[in-house]
Amino acid sequence: DDIASVGAVLGSGDPSDLEAVVGRSCVTIGPFKVAADADDAMLEYSNEGMKAAIRSVEGQIFVGHWVQIRDVPDQSTANQWIETLKAGGLTDAYAVRTEEEGLKISLGVFGDVERAERVELQARSMDFAADITPRMRDGIVHFVDIALPPGRGAGAIVERYTEELVALRDEATCPQ
């Protein structure tokens, strides 16, 4: 995959690998929900002698994995379903109405997907068509843009922050 080529030893791969390492030497880490986490990352790489800058933008912040039952026909049906769910051990069930989707039943928002999946399966075992969607909210998110010195790959940054949080090459923004 293309991540491996960025950390490649110079001269060890195809000419395209060499261009990837030398040609575009910026990396973006993020989004960070918390400004202090972005500050820590920027300081770490600044202290290693790299040009780094924080960029804060309005964006979507992941709150958690929302387990819900959609397409609830009416409030009395919602009340009956909630009683059944609570009797079956899903005590956090409550009705919620959104402009986009109308009436539905929330079964909780979970930070880890395993708990969300357990609740989804528990509801499905009671014949409810529960599903999991990402719950987002608007807020300020922070990115750290880093200029890599010549010959320095992004492998260590990817190892530290994972592929999901590191943008390379054309997806990265160079620090201003």
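Good morning. The structure before you holds 2 aromatic pairs. Please bear in mind throughout that this is a predicted model.

I shall take the aromatic pairs in turn. A pair of aromatic rings is described by the distance of the centres and the angle of the planes. For F32 and Y161, the ring centres are 6.0 Å apart and the planes stand at 90 degrees, so this pair is edge-to-face. The two residues come from distant parts of the chain: F32 belongs to strand β1, residues 26-32, while Y161 belongs to helix α6, residues 155-165. In sequence they are 129 residues apart. Are these two residues buried or exposed? F32 is buried, with a relative accessible area of 9%, and Y161 is buried as well, at 11%.

The other pair is formed by W81 and F128. Here the ring centres are 5.5 Å apart and the planes meet at 65 degrees; an angle over 60 degrees counts as edge-to-face, so W81 and F128 are classed in that way. This pair, too, links distant parts of the chain, with the two positions 47 residues apart in sequence numbering. W81 sits in helix α4, residues 75-87, whereas F128 is found in the loop between α5 (113-125) and β5 (130-147). As to accessibility, W81 is partly exposed, with a relative accessible area of 25%, but F128 is buried, at 10%.

A further contact involves an aromatic ring and a charge. Which ring lies beneath the charged end of R135? The ring is that of W66, and the charged end of R135 sits over it, 4.6 Å from its centre.

I turn now to the cysteines. A disulfide is a covalent bond between the sulfur atoms of two cysteines. How many disulfides does a search of the whole structure find? The search returns 1 disulfide. The partners are C26 and C174, and their sulfur atoms are 1.9 Å apart. The torsion about the S-S bond of C26 and C174 is about 105 degrees, so the disulfide is right-handed.

Where in the chain do the two cysteines lie? C26 is in strand β1, and C174 is in the segment after β6 (166-168), so the disulfide ties together parts that are 148 residues apart in sequence. C26 is buried, with a relative accessible area of 6%, whereas C174 is partly exposed, at 29%.

To close, I would draw your attention to strand β1. This strand contains F32, the partner of Y161, and also C26, the partner of C174. Thank you.

Definitions and conventions. Residues are numbered from 1 along each chain as its sequence is written. This is a predicted model: local features need pLDDT of at least 70, side-chain atom pairs count only at pLDDT 80 or more; totals for chains, interfaces and linings use all residues. Side-chain values use heavy atoms; hydrogens and water are left out. Rings of Phe, Tyr and Trp (its six-membered ring) pair if their centres lie within 6.5 Å; planes under 30 degrees apart count as stacked, over 60 as edge-to-face and the rest as tilted. Helices (H or I, at least four residues) and strands (E, at least two) are DSSP runs, numbered from the N terminus. Buried means under 20% relative accessible area, exposed over 50%, partly exposed in between (1.4 Å probe, protein chains only). A charge sits over a ring if NZ of Lys or CZ of Arg is within 6 Å of the ring centre and within 35 degrees of the ring normal. A disulfide is a pair of cysteine sulfur atoms within 2.5 Å.
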